[in-house]
Amino acid sequence: MSQNAAGTVIVISSHVVRGSVGNRAAVFSLETLGHQVWALPTIVLPWHPGHGRSTRLTFTESDFDAAIDDLIRAPWIGEVKAVLSGYFGNAAQARSVARLVTALREQDPELLYVCDPVMGDFGGLYVPQATAEAIRDHLIPLASLSTPNRYELSWLAGAPLESNRDIMDAALSLGPPRMLVTSAIPMMAGGTGNLYLSGRHALLAEHRVIENPPNGLGDLLAALFLSRLLSGMEDEKALQLATASVYEVLARAVKRGSDELTLASDASSLSTPMAMVQMRRLIHPAQKHRR
């Protein structure tokens, strides 16, 4: 495969010294699938905060913004086909990335921007509200695809999400042409789902729940789904493969008793997953409105 055959991706998220979350998960998976990756950390941590307190290495707002300027002016910027953003250390970083995406779109209107709004879960926000608001106000409107979990979508839309119909209505209200929502309402007993909504598709990819999963599943799913879309794969197949990969990697890590995803050992699960995923076609909200 030639250097740019799969498309170069800029990945902007947290970096951990130990573990497979944030940039560590996204970069490994994208490179495994053949992409050149430019990786910009937003913060650096020895390990995920869920493992206990550790030193948080940060960048000044001006230094981060200057690095964004460097990327915009880079002589190789024409290689870039997509940008993926995840966790931000502060609100200013989100605004800087919005500037990057806008500048890249001026050169390439087809640039794919994936916004993974890493801001919280069912325990509440774990970033400052100003950072969450910057993601909502500056990045979500630019996104080709957003990949929130159900809590994050609820916060972004300002509405409770008690059904998959609620999830789809909230996704439509936010505006990105594609939304992939994790922790959707399952239809199978003991399951969990990824709900995907586009202008044409309303799909639910389900697998069984695995308790006490390691962190990084959302980072991994966003990167894998992005890769499949960049390859030109149809949405439904891309969703099936990305979900199967995440489930397979998760199941193998838990079987090993690991407290982190074991991506290096499970690289084959990223490229050729064998896990079974239940795919369901849902009634698209547009069909409801036509009645």
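In this predicted model, the contact between helices α7 and α8 draws on a run of leucines from the α7 side, namely Leu 217, Leu 220, Leu 221, Leu 224 and Leu 229, along with Phe 225 and Arg 228. Facing them from α8 are Asp 235, Ala 238, Leu 239, Leu 241, Ala 242, Thr 243, Ser 245, Val 246, Val 249 and Leu 250. Sorted by class, that makes 13 nonpolar residues, two polar ones and two charged ones. As for geometry, α7 covers residues 217–230 and α8 covers residues 235–256, and their axes come within 9 Å of each other. The two helices cross at roughly 145°, and the crossing is right-handed.

One α8 residue in this contact, Thr 243, is worth a second look. Thr 243 has a relative accessibility of just 1%, so it counts as buried, the cut-off being under 20%. Leaving aside residues up to four places away in sequence, Thr 243 touches Leu 221, and also Asn 194, Ala 205, His 207 and Val 277. Of these, Leu 221 belongs to the α7 side of the helix pair.

Helix α3 makes another good stop. It runs over residues 91–107, which is 17 residues, and spans 26 Å from the first C-alpha to the last, close to the 24 Å expected at 1.5 Å a residue. At its start, a side-chain oxygen of Asn 90 comes to within 3.1 Å of the backbone nitrogen of Ala 92. Ala 92 is itself one of the buried residues of α3. The others on that list are Ala 91, Gln 93, Ala 94, Ser 96, Val 97, Ala 98, Leu 100, Val 101, Ala 103 and Leu 104. What do these buried residues pack against? Their partners include the strands β1 (8–16), β2 (37–45), β3 (80–85) and β4 (112–115). Helices α2 (61–73) and α4 (129–139) are packed against them as well.

Then there is the backbone. Most residues other than glycine have a negative phi. Two residues here go the other way. Ser 183, which is not a glycine, has a positive phi of about 55°, and it sits in strand β8, residues 178–184. Asn 212, also a residue other than glycine, has a positive phi near 55°. Asn 212 is found in the loop that links β10 (202–208) to α7. With 72% relative accessibility, Asn 212 is over the 50% mark and therefore counts as exposed.

Methods:
Residues numbered from 1 in each chain as written. Predicted model: local features only at pLDDT ≥ 70, side-chain atom pairs only at ≥ 80, totals over all residues. Heavy atoms only, no water. Axes fitted to C-alpha atoms, helices over the stretch in contact; angles between N-to-C directions. Helix = DSSP H or I, 4+ residues; strand = E, 2+ residues; numbered from the N terminus. Left-handed = near helix turned anticlockwise from the far one by under 90°. Contact = heavy atoms within 4.5 Å. Nonpolar A, V, L, I, M, F, W, Y, C, P; charged D, E, K, R; others polar. Expected span 1.5 Å × (residues − 1). Buried < 20%, exposed > 50% of the residue type's maximum accessible area, 1.4 Å probe, protein only. Polar contact = N/O pair within 3.5 Å; in protein donor to acceptor, adjacent residues only side chain to side chain.
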